[in-house]
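Work through the exercises below with the model open beside you. Try each task before reading its solution.

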Amino acid sequence: MSAARSAGSETTSVPGNDLLAALLDGMDAALCALDADGTVTHWNKEAERILGWSAGEAVGRRGFEGWAARPADAGEALARLMGAMEAPGRVVHEFALVRKDGGRVLVRTQSAGVRGADGKPAGVYCAFSEVHAQIDLERSIALSEALFEDASWGVVLVDVDLRPAVVNGHAARAMGAGRTTLLGRPLGELIEQGVEELEGALQHVLAEGAPRALAEVWVTLRTAEGERRRCWRSGFVRLSSPLAEEPVPLGVGWLFQDVTEERLAEQEADRLRFRYSQLHRAGAAAAECEDPREAATVLLDFALAGFADHALLDLAAGERRLVRVAATPAGAPGPLVPVAGGGIPVRYPAGHPVLQAVSRTGPVRASASAATPQGAEDWATERHWPRDAVHALCLPLRSRGRTVGAVTFLRAASRTAFERPDAVYAETVAVRVAASLDLAGTADPASPADAL
């Protein structure tokens, strides 16, 4: 210890000691060392910054009494530090020291004994920092550990190559994979749709910093059970190295919550409000039609908005026969118009969804299973539907206990298949259309009104 005693002083000229002094002064932690007698042998720049005492003022003093500690505290502080010479490992203490300007500061020390060449205790070294700075560090570490272990939202650290570097358990479950299997993989391997939007947000954060508002991103995930559509409410923070002189981006902290159920519920509520608003408007418009058949087509025109691409209206004309009386244009979406055909029944093949709906007196849904566009076109053509039809919903038109016709709603490939809520809405429309057609048959006995 004596050979290195002058490492913190200005008089040393030994190159090895100069290197040691430079290393000690470059440390982020305050460090001092004492020999076996309790005399200060080393004192670096960080110790000077915290307490104000320079190396020249500190090195060579025995203990802290009279300069770095109050007389009442100096003896106990020195005894606790020197006790580390005999203790195994490092010893942690907290005590108050005195700054050069007279102020007091509470420090946390980590001390360990130093042994000489003969193996006997030769002194101690002590690294110390202000307690509040240590607590801030511990809080930061505790926050990081809590986020990656116990957080009720997903946390992902993404590196500058936009690959997950750290993933917490919640995020792994949301993505349907293990925490370690996600690391280092491109996001495009995990996300089927929506990856461009997500990567664009991450690149923006790396370049410009975090956005002020949260972002909601819809993604389709690849999982072992198939594709899953999810909505993630996301926040982003740019991570920069605290050790660099200029901010160096380390990546992006991405925090998200799954709000899919909330968004789907809101969408369903909006859809219901719109549909029943359309029903109200349709009823008001149909009430102004003198011709009941025109009222039926008006009802279907209002129902088509946001619901389907095409509608076909068939009227009952005897035993299991249906005559096409109105349809939307086959080439492009448009309003229903009467079909000129002379009352020739539509030649629906056996097992056709329309005939099934009439037989069951209930809605029937169908979708093309062909994997190619041509196969889907053939599927629609065989069923006497427009060639772009991929999804169908067929309903019987019932009035006064009789089937007076059938209506078919069709969707193109750009829309999703019909679901149970769609069928419920379509049944409400069908009841009104059936009433109008029944009224038309009663008013015009010459029309095809032989109900099935």
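The exercises that follow concern a predicted model.

**Exercise 1. The chain as a whole**

Task: state how many helices and strands the protein chain has, and what share of its residues count as buried.

Solution.
- Step 1. Take the secondary structure. The protein chain has twelve helices and 17 strands.
- Step 2. Take the burial. The chain holds 452 residues, and 43% of them count as buried.
- Step 3. Add the contacts. Consider those between residues at least 6 apart in sequence: 52% of them join residues at least 24 apart.

**Exercise 2. The largest pocket**

Task: describe the lining of the largest pocket by residue, by element and by class.

Solution.
- Step 1. Start with the volume. The largest pocket contains about 430 Å³ of space.
- Step 2. Go to the residues. The lining has 14 of them, and Arg-271, Arg-411, Thr-416, Glu-419 and Asp-422 lie nearest the centre.
- Step 3. Assign elements. Helix H8 (260–286) and helix H12 (420–443) each give at least two lining residues. H8 has the largest share, with five residues.
- Step 4. Sort by class. Seven lining residues are charged, four are polar and three are nonpolar.
- Step 5. Look at a pair in this lining. Asp-422 and Arg-411 form a salt bridge, 3.6 Å from N to O. Asp-422 belongs to helix H12 and Arg-411 to strand E17, so the bridge ties together parts eleven residues apart in sequence. Both Asp-422 and Arg-411 are buried.

**Exercise 3. Two cysteines**

Task: explain why Cys-126 is not bonded to Cys-32.

Solution.
- Step 1. Search the whole structure. The number of disulfides found is zero.
- Step 2. Check the distance. Cys-32 is in no disulfide, and its nearest cysteine sulfur, in Cys-126, is 4.5 Å away.
- Step 3. Apply the cut-off. A disulfide needs the sulfur atoms within 2.5 Å. The 4.5 Å between the sulfurs of Cys-126 and Cys-32 is therefore too far for a bond.
- Step 4. Note the surroundings. Cys-32 is buried at 1% relative accessible area, and Cys-126 is buried at 2%.

Now take a further cysteine. Cys-289 sits in the loop between H8 and helix H9 (292–304). Its relative accessible area is 17%, so Cys-289 counts as buried. Beyond its neighbours within four places in sequence, Cys-289 contacts Glu-294, Ala-295 and Val-298.

**Exercise 4. Salt bridges across the chain**

Task: say which parts of the chain are tied together by the pairs Glu-57 with Lys-100 and Asp-314 with Arg-324.

Solution.
- Step 1. Get the total. The count is 25 salt bridges.
- Step 2. Take the pair of Glu-57 and Lys-100. Their closest N and O atoms are 2.6 Å apart. Glu-57 lies in helix H3 (residues 55–58), and Lys-100 lies in the loop between strand E3 (91–98) and strand E4 (104–115), so the bridge joins parts 43 residues apart in sequence. Glu-57 is partly exposed at 25%, and Lys-100 is partly exposed at 44%.
- Step 3. Take Asp-314 and Arg-324. Their side chains form a salt bridge of 2.6 Å, N to O. Asp-314 is in strand E12 and Arg-324 in strand E13, so these parts, ten residues apart in sequence, are tied together. Asp-314 and Arg-324 are buried.
- Step 4. Add a network. Salt bridges link Glu-216, Arg-233, Glu-262, Arg-263 and Glu-266.

**Exercise 5. Helix H10 and what comes after**

Task: find which residues of helix H10 are buried, what covers them, and which residue just after H10 takes a positive phi.

Solution.
- Step 1. List the buried residues. In H10 (residues 353–360) they are Pro-353, Val-354, Leu-355, Ala-357 and Val-358.
- Step 2. Identify the cover. It includes strands E12 (310–316), E13 (322–327), E15 (364–367), E16 (391–399) and E17 (402–411).
- Step 3. Move past the helix end. Thr-361, just after H10, has a positive phi of about 50°.
- Step 4. Set this against the usual case. Most residues other than glycine have a negative phi. Thr-361 is not a glycine.
- Step 5. Place Thr-361. It lies in the loop between H10 and E15, and is partly exposed at 43% relative accessible area.
- Step 6. Take a further case. His-384 has a positive phi near 60°. His-384 is in the loop between helix H11 (373–382) and E16, and counts as partly exposed at 37%.

Notes: Residues numbered from 1 in each chain as written. Predicted model: local features only at pLDDT ≥ 70, side-chain atom pairs only at ≥ 80, totals over all residues. Heavy atoms only, no water. 1 Å grid on protein atoms, 1.4 Å probe; cavity = no way out; pocket = protein on both sides within 12 Å on 5 of 7 lines; lining within 4 Å. Points joined across faces, edges and corners; volume = space filled by probe spheres on them. Helix = DSSP H or I, 4+ residues; strand = E, 2+ residues; numbered from the N terminus. Nonpolar A, V, L, I, M, F, W, Y, C, P; charged D, E, K, R; others polar. Buried < 20%, exposed > 50% of the residue type's maximum accessible area, 1.4 Å probe, protein only. Contact = heavy atoms within 4.5 Å. Salt bridge = Lys/Arg side-chain N within 4 Å of Asp/Glu carboxyl O.
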